[in-house]
Structure formats: C-alpha cells, structure tokens
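Biologist: I'm new to reading protein models, and I'd like to learn how to do it. Could you walk me through this one?
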Amino acid sequence: MTKTMDEVRESFEASPFFSHIGFEIVQFEEGDVRLKLPIHEKLYNVNGTLHGGVHATMIDLILGMAIRSTTKTRCTTMNLNINYLAPASGGEIQAEGRILKQGYRIVTAEGELYDQAGDMIAKGIGTFKLIRDE
Amino acid sequence: MRDYSSFFEHVGFHKYLDKNGCVILNLKVKPEVVSEEGTVPSGLFSSMLDIVIGSTIGETLQLPTSTVNLNMNYFDFTNSGSYSAHASIINRSGKVIVGEGMVLNGEEKVVAKGIGTFKVLSRHSDEKGRTV
C-alpha cells in the first residue's frame, strides 16, 4: 500500500533503533532528504571517535530514506559499500542521499556523510530491494 | 583483549575469545534496537561486521585498527533474538589488512556477510589515528 510522505517519515522516526542512536530528520521531501546526528560519547569507538558501525547505519538510513521518499514503497538493504574517509568526534554530522538507478524491484542509491565543517567523512553506495505488495 | 567502546555497550554487544583464540561477537537483541516493524536494522549487522573484523585483526596483530572500507551483503532481517559473528584475515599487505566476517542467527544460518579493508595504526597513535 502506498503511503503519504508524512506516514513514511513517521515510520522512520517510530523505529526504536532510530531514536536509540539519536538520528534527527532535517529534510524529508521527495528526492530531497537530509539526516543529522549529534555526536555523543555513547557512539564512540575505542579510539574516541565515531564508531564505524554508526557511519554505516547512517548511510544505510539515508539511502533508504531517499528511496522511500521517491517510491513510497518499503525497501530492504541487499548490499552496502562504505568508504571511510575521515574520523569524526564532537559536534554533529549530516547525511545526504539520492537514487542513482531505479528499476521495478531493485534500486541503487548513494550517499555521503559530512562533518560540521562541511568535509565529507564517509561515502557509500547501496543496492536495495523494493517490497511491493502484489 | 582490548576494552569495549561506548557504542559497543550502547547497543549491547558481547565479545570474547573462543577456545581457538578466535574473536566471537554476540548480540542479544534488545527492544530499543529493533526497527519499527520489529526486524533487525541492517545497521546492527553492519556494526557487528565492522567490530568483529576489526577486532580479529587487532587481536591477531595486537595493534589498533581503523576501517577504510566495508562491503556488506544482507540476507535476512527477521529478528531471531540472538546473533553471533566471527571473522578471519584474508590478506595483509604492509599496514593494509583485508578481513571477512559473517553474522549467524540462532539457528547458525548466515544472515549477513562482509569484507573489510582496515588500516593498522601505530601503537602510539592518538585518538584520531595519527601517530604521536
């Protein structure tokens, strides 16, 4: 069943994991999505910087948001490739994402994470399967 | 074995060495880390793969590591309640190490698999991985 933009946004925000990590949606329009994460010490690795699992989680999320904002269809991650460019600690980071190619069932999207200075700290590309109700 | 990170505790992972000295990472899924639909978020499996591959390399070399690239495939997000992950090193070239890992559900079925490239840091690196 197709959902409205508000319903799709609410479904992201209703996820316990979403709020447990501390994500906040900055923009959620069709094809224009942004997410932010205030960095707190609970998200640190043993080196005292943002844990790599958080980068991957945030890129996965922004790609899913980009896809759902356009297709209004639930999707599931099949593959995700993350390149880690720089560490982050303190302040907040933001994520942007967009669709590269959309098929009937398979969608490929890419996204980036930026630190507070606007420098890119991670880039990822993912392949997702659309879950169509048929 | 190196100390747990705060993210590690925030999510609820448990790490130990098995009788062969291999790093095993376990997760009992808490209600606060599931998706809206009750499935396991892919970010949890990503985190498990990052931790278990990085820890396996760190434990083998007794040096800190930093993730350069992670490529992951996901097969099943149905919440089985508990998961375990293990990894192995598949290549080393100077300070660059490649490892692979997998996440298994309670029935020992593979639910995610990943390959990662890690950089070995100096024992005297600061918190951002710079040598001091």
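Modeller: Sure! Let's begin with a cut-off we'll need: a residue is called buried under 20% relative accessible area, exposed over 50%, and partly exposed in between. And keep in mind that this is a predicted model.

Biologist: Okay, let me try that on Gln62(B). Is Gln62(B) buried, exposed or partly exposed?

Modeller: Gln62(B) has a relative accessible area of 47%, so it counts as partly exposed. You'll find Gln62(B) in the loop between H2 and strand E3 (65-74) of chain B.

Biologist: What about the backbone there? What is the phi of Gln62(B)?

Modeller: Here's the general idea: most residues other than glycine have a negative phi. Gln62(B) goes the other way, with a positive phi near 55°, and it isn't a glycine. Glu108(B) isn't a glycine either, and its phi is positive too, about 65°.

Biologist: Where does Glu108(B) sit, and is it buried or exposed?

Modeller: Look in the loop between strand E5 (96-105) and strand E6 (110-120) of chain B. Glu108(B) has a relative accessible area of 58%, so it is exposed.

Biologist: Let's zoom out. How do I read the overall fold of chain A?

Modeller: Start with its secondary structure: chain A has three helices and six strands. Following the sequence, you meet them as α-α-β-β-α-β-β-β-β. The radius of gyration is 14 Å, close to the 14 Å that the globule rule gives for 134 residues, so chain A is as compact as a globular protein of that length. Its C-alpha trace spans about 45 × 25 × 25 Å along the principal axes.

Biologist: And which pattern does chain B follow?

Modeller: Chain B reads α-β-β-α-β-β-β-β, which comes to two helices and six strands. Its radius of gyration is 15 Å, and that agrees with the value near 14 Å for a compact globule with 132 residues. The C-alpha trace of chain B spans about 45 × 30 × 25 Å along its principal axes.

Biologist: How much of each chain is buried?

Modeller: In chain A, buried residues make up 50% of the 134 residues. In chain B, 49% of the 132 residues count as buried. You can look at the surface as well: chain A exposes about 5800 Å², with carbon and sulfur atoms supplying 47% of it. For chain B the accessible surface is about 6200 Å², and 50% of that belongs to carbon and sulfur atoms.

Biologist: What do contacts tell me about residues that are distant in the sequence?

Modeller: You pick contacts between residues at least 6 apart in sequence, then ask what share join residues at least 24 apart; for chain A that share is 60%. For chain B, residues 24 or more positions apart account for 55% of the contacts with a separation of 6 or more.

Biologist: And the charges?

Modeller: Count them, then compare where the two sets are centred. Chain A has 14 positive and 18 negative side chains, with the centres of the two sets 7 Å apart. Chain B has 13 positive and 14 negative ones, and there the centres lie 9 Å apart.

Biologist: How many aromatic pairs does the whole structure have?

Modeller: Six, over all chains. Take Phe18(A) and Phe23(A): their ring centres are 5.7 Å apart and their planes are at 55°, so the pair is tilted. Phe18(A) is buried at 5% relative accessibility, and Phe23(A) is buried at 5% as well. Over in chain B, ring pairs link Phe45(B), Tyr74(B), Phe77(B) and Tyr83(B) into a cluster.

Biologist: Which residues in chain B does Gly53(A) touch?

Modeller: Leaving out residues up to four places away in sequence, Gly53(A) touches Phe7(B), Gly43(B), Ser47(B) and Asp50(B). Gly53(A) belongs to helix H3 (residues 52-71) of chain A, and at 0% relative accessibility it counts as buried.

Biologist: Can you give me a residue of chain B to try next?

Modeller: Try Ser35(B), in the loop between strand E2 (23-28) and helix H2 (42-61) of chain B. Ser35(B) touches Ser15(A), Pro16(A) and Pro41(B), again not counting residues up to four places away in sequence. Its relative accessibility is 15%, so Ser35(B) counts as buried.

Methods:
Residues numbered from 1 in each chain as written. Chains lettered and ligands numbered in written order. Predicted model: local features only at pLDDT ≥ 70, side-chain atom pairs only at ≥ 80, totals over all residues. Heavy atoms only, no water. Helix = DSSP H or I, 4+ residues; strand = E, 2+ residues; numbered from the N terminus. Rg over C-alpha atoms; globule rule 2.2 N^0.38 Å. Buried < 20%, exposed > 50% of the residue type's maximum accessible area, 1.4 Å probe, protein only. Contact = heavy atoms within 4.5 Å. Areas by Shrake-Rupley, 256 points an atom, 1.4 Å probe, with all protein chains shown as cover. Lys, Arg positive; Asp, Glu negative; His and termini not counted. Charge placed at Lys NZ, Arg CZ, Asp CG, Glu CD. Phe/Tyr/Trp six-rings, centres within 6.5 Å; stacked < 30°, edge-to-face > 60°.
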